Amino acid sequence: MTAMTKGLEGVVATQSSISSIIDDQLAYAGYKIDDLAKNSSFEEVIYLLWNQKLPTKKELDQLKNELAANMELPEQVIEHLRSYDLSTVHPMAALRTAVSLLGLYDEEADVMETEANKRKAVRIQAKISSVVTAFARIRQGQEVVQPKKDLSYSENFLYMLNGKEPEDIEVEAINKALVLHADHELNASTFTARVCVATLSDIYSGITAAIGALKGPLHGGANEQVMAMLTEIGEEKNAIPFIKDKMDKKEKIMGMGHRVYKQGDPRAKFLKEMSRELTELTGQSKWYNMSVEIEEYIKENKGLPANVDFYSASVYHSLGIDHDLFTPIFAVSRTSGWLAHILEQYENNRLIRPRAEYVGPQSQQYVPVENR
Ligand SMILES: CC(=O)SCCNC(=O)CCNC(=O)[C@H](O)C(C)(C)COP(=O)(O)OP(=O)(O)OC[C@H]1O[C@@H](n2cnc3c(N)ncnc32)[C@H](O)[C@@H]1OP(=O)(O)O
Ligand SMILES: O=C([O-])CC(=O)C(=O)O
């Protein structure tokens, strides 16, 4: 057996052609994230991740149409969302449950053939944003908004969330955020998805498991925590004393640090710029200013860079999105990467089953319960 590495740091656990992090640069199927963030639609990125090539116009149009055509949720799923205790259920828990439930209404859920899995990938990607937006509206006591077939994925997301067609700047921000969060090599939730389906379990189980992993605050859940921290800080003048105090108590600063990037997360600069623009536009620059102060302080004193979750918080806040929907938006985007990895895993599968180094007591003598 090889030596144990805590948290599997640095362990190469699979081969993949979907995304790469080389010299702190992220690329999807060889295309730099900088180029994709500037030029791509989310639908184009979905196609790229699933096929490892950019689509032709015809292929892109076909995927866009298929996604728009599959966004509507089964009525039973909407009814189920209505049945939750809406005052306490976290949207990530609702999403995790609803995706599992969607599998019950997909006749092909357990058909393990490649083409059926690709069809399910389209259906899951299409419906995931409808689940998030339906839940968000139901808990506000609002009607569920049905998607429009002529809108893009990002437009439909905002339309279904807010019940009105979005402004260009909102669409641009959401599209960029979806592109930037879509895939990230073997992060914890993607690894979870691959472990799950490597048992030859179904695609809905893989996505449900991945949502559970993304929910945690050390992973996707950090973006909500960043906004909670900024809200608690309240004013720019409080930022550094607050952070100093947290560091003295050895508490982690959410949105800072990364397992792989030690110099900087290449996605963060795009979110930082969006945060600057959007907070200025909404007259709420304090969120951006505070974030910059925290980023600089942590970099200087702890050598840690901001990760993708840090500035996404003030971006989504500026778009008027509820804070507990930040991680579900991450999930909507990352579903495209999870699905790509699940399809790749099925194509070249082997059970994922590492070993544990046993450190507990050995050679214990069994004592009957009445003598203990
Ligand atoms: C999309 C994403 O998932 S991006 C990550 C989102 N998560 C967060 O933002 C949560 C905050 N960040 C963290 O908890 C970590 O940086 C992680 C989980 C992202 C990476 O963790 P790891 O690679 O396991 O690093 P680990 O937690 O072992 O930290 C190493 C050292 O840096 C410190 N450190 C790491 N992150 C932070 C942080 N955010 N704030 C303060 N200190 C930190 C640790 O306390 C530790 O210090 P020590 O050696 O003095 O004990
Ligand atoms: O790769 C990671 O460990 C976390 C991350 O940044 C992501 O999933 O986008």
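At what angle do helix α5 and helix α16 pack, and how far apart are their axes? Here are some notes on this predicted model, starting with that pair.

1. **The α5 and α16 contact.** Helix α5 (residues 91-104) meets helix α16 (residues 326-347) at about 35 degrees, and their axes are 8 Å apart. If you want to find the spot on screen, look for Pro-91, Met-92 and Leu-95 on α5, and for Thr-327, Pro-328 and Ala-331 on α16. Five of the contact residues are nonpolar and one is polar, with no charged residue taking part.

2. **Strands β1 and β2.** Strand β1 (residues 19-22) runs antiparallel to β2, joined by four bridges. One pairing to pick out is Ile-22 with its bridge partner Gln-25 in β2. Two residues lie between the strands of this hairpin, and Asp-23 in the turn has a positive phi of about 50 degrees.

3. **On to β3.** Strand β3 (residues 31-32) pairs with β2 over two bridges, again in the antiparallel sense. Here Tyr-28 has Tyr-31 in β3 as its bridge partner. This hairpin has two residues between its strands, and Ala-29 takes a positive phi near 45 degrees.

4. **The two faces of β2.** Regular strands have side chains that alternate between the two faces of the sheet. In β2 (residues 25-28), Leu-26 and Tyr-28 point to one face and are buried, whereas Gln-25 and Ala-27 point to the other and are not buried.

5. **Helix α8.** This helix (residues 168-181) has 14 residues and spans 20 Å from its first C-alpha to its last, close to the 20 Å expected. Most of α8 is covered, with eleven of the 14 residues buried. The buried set includes Val-171, Ile-174 and Leu-178, but also Glu-170, Lys-176 and His-181, so do not look for aliphatic side chains alone. The buried residues pack against α1 (33-39), α2 (42-51), α7 (153-162), α13 (268-281), α15 (308-318) and α16.

6. **How the domains meet.** The domain assignment splits the chain into domain 1 (16-216 + 323-347) and domain 2 (222-318). Their C-alpha centres lie 26 Å apart. Domain 1 brings 17 residues to the contact and domain 2 brings 20. On the domain 1 side, the elements that give two or more residues are β2, α1, α8 and α16. Helix α8 has the largest share of that side, with five residues. By class, the domain 1 side has ten nonpolar, four polar and three charged residues.

Note on methods: Residues are numbered from 1 along each chain as its sequence is written. Chains are lettered from A and ligands numbered from 1 in the order in which they are written. This is a predicted model: local features need pLDDT of at least 70, side-chain atom pairs count only at pLDDT 80 or more; totals for chains, interfaces and linings use all residues. Axes are lines fitted to C-alpha atoms, for helices over the stretch in contact, and angles run from 0 to 180 degrees between N-to-C directions. Two residues are in contact if their C-beta atoms, placed from the backbone, lie within 7 Å. Ala, Val, Leu, Ile, Met, Phe, Trp, Tyr, Cys and Pro count as nonpolar, Asp, Glu, Lys and Arg as charged, and the others, Gly among them, as polar. A residue is buried if 20 or more other C-beta atoms lie within 10 Å of its own, exposed if 12 or fewer, and partly exposed in between; C-beta atoms are placed from the backbone. Two strands pair if DSSP finds at least two bridges between them. The expected span of a helix is 1.5 Å times one less than its number of residues. Domain bounds come from an automatic or database domain assignment.
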